Amino acid sequence: MSENRLLEVFKHYLDDTISPEELAFLFEWMKGKGFEGDLDEVLTAAFANPALAEPGAPEDKEEVWAALADRMREERRPFIRRWLVTSLSAAAAVLLVGGYLLWHKGSPALAPQAQTPAAATTAPAKAFDAPPGIKGATLTLANGSVVSLDPGAADHLPDQQGSARLSRNGHQLVYAAGATGAALYNLLKTARGREYTLVLSDGTKAWLNAGSSIRFPVQFEGNRREVEVTGEVYFEVATEKDKPFVVRSGGVETTVLGTHFDVMSYSDEPRTEVTLLQGSVRVNGTLLTPGEQANVSRETGALVKADADGKRVTAWTRGLLDLDNGDFGALMRQISRWYDVDVVFEGMPKGVHIGGLVHRDVRLSMLLGYLADNGVHYKTEGKTITILP
């Protein structure tokens, strides 16, 4: 295995551009017997490369390698191996559990098809698990009929809505504008444990997270493009200078011309959040620039601007679950939607901060095991998770 290949994959991991194939390659390499020598070469090259090593980082390669060696000596349980790398790329860290758990820039990412950790958990012995969510949705047509877009569904999808053409491209619903006609509206809705992608008639793309909906005209008429959403939807809006794009969500109006932004407006969340990644938007008249988020209180309507990491907010569109959340209740609601389970609180964890990015295609048992390893106590019964003090 060449050093150049390893360094290339390692760099892609550090700068968040790693592909699923490269991630699998990295996991297989770290499970091999001879990875320590290869890793030493990669660390040497990484620290010599200014694009990877943070200037002025307190640790050097020897300290990183010593930390790795200590962790390897500590962990001797079958199939459980942990390595910790610090100081690369702004103190980036890599942690491997059973060959499948990575920490990146101080936060974990779980690989697909992970094995359940052998660590003890406070959950009862009774088996409890749930598969991750899948691509799927229901489409309500203008005449009120409902079409299932779940995998294997036998429902027939019409190829026409008014004069607009309608098609399915993999797990993506696509509308194409036709001749001007009467205004017809469709409703695309994802249940808990489902997500889906929509291409509107103007070319705008909308990604629906679990438990979300979007009501939209089959083609846009007039001088405005307007849709209504619930839950969480990420938009990449096609630019039309004379036709602003308007998103209505929970009493919040977001207006754009062409941009990338995320709207989170679940009814069980205390606020609507609009996060801008590219371009500019106005949220209830307040201008946002890239890297800003508007938080609008559901109770009072008050709007507060804050800085936000757009890549983390939209991690779900790339198949990741964001755990880096100071609000533990919000984190568990996110888990509840994706795994279609109920969460009850008998108490809140104290002194526990969960962080990181987890692949959304791991089973619930893997995620619960990780929470337990980080001090979260819970019990399970049926499809209900009860968080204990």
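Two strands pair if DSSP finds at least two bridges between them. Strands (E, at least two residues) and helices (H or I, at least four) are DSSP runs, numbered from the N terminus.

This is a predicted model: local features need pLDDT of at least 70, side-chain atom pairs count only at pLDDT 80 or more, and totals for chains, interfaces and linings use all residues. Residues are numbered from 1 along each chain as its sequence is written, and side-chain values use heavy atoms, with hydrogens and water left out.

**Exercise 1.** Find how strand 10 and strand 11 pair, and what lies between them.

*Solution.*
- Take strand 10 (residues 194-199) and strand 11 (residues 205-208): they pair in the antiparallel sense over 4 bridges.
- Check one position: Tyr196 faces Leu208 of strand 11.
- Now the link: the two strands form a hairpin with 5 residues between them. In the turn, Gly203 has a positive phi of about 95°.
- Strand 11 also pairs with strand 13, antiparallel over 4 bridges. Lys205 has Glu236 in strand 13 as its bridge partner.

**Exercise 2.** Describe the surroundings of Arg225.

*Solution.*
- Place Arg225: it belongs to strand 13 (residues 225-236).
- Is Arg225 buried or exposed? Buried means under 20% relative accessible area, exposed over 50%, partly exposed in between (1.4 Å probe, protein chains only). Arg225 has 0%, so it is buried.
- Look for polar contacts. These are pairs of N or O atoms within 3.5 Å; within protein, one must be able to donate a hydrogen and the other to accept it, and residues adjacent in sequence count only if both atoms are side-chain atoms.
- The side chains of Arg225 and Asp202 make one at 2.5 Å. The Arg225 side chain also reaches the backbone oxygen of Lys243 at 2.7 Å.
- List contacts (heavy atoms within 4.5 Å). Leaving aside residues up to four places away in sequence, Arg225 touches several residues, including Phe220, Pro244, Phe245 and Leu257.

**Exercise 3.** Explain why helix 8 is largely enclosed by the rest of the structure.

*Solution.*
- Helix 8 covers residues 364-373. Of its 10 residues, 9 are buried, so the rest of the structure largely encloses it.
- Among the buried residues are Leu364, Met366, Gly369 and Tyr370.
- Just after the helix, Gly375 takes a positive phi of about 95°.

**Exercise 4.** Work out the strand order of the open sheet with 3 strands.

*Solution.*
- The order is 23-26-25, with mixed pairing.
- Strand 23 (342-345) and strand 25 (377-381) are the edges, each pairing on one side only.
- Strand 23 and strand 26 (residues 384-388) run parallel, joined by 4 bridges. Phe345 has Ile387 in strand 26 as its bridge partner.
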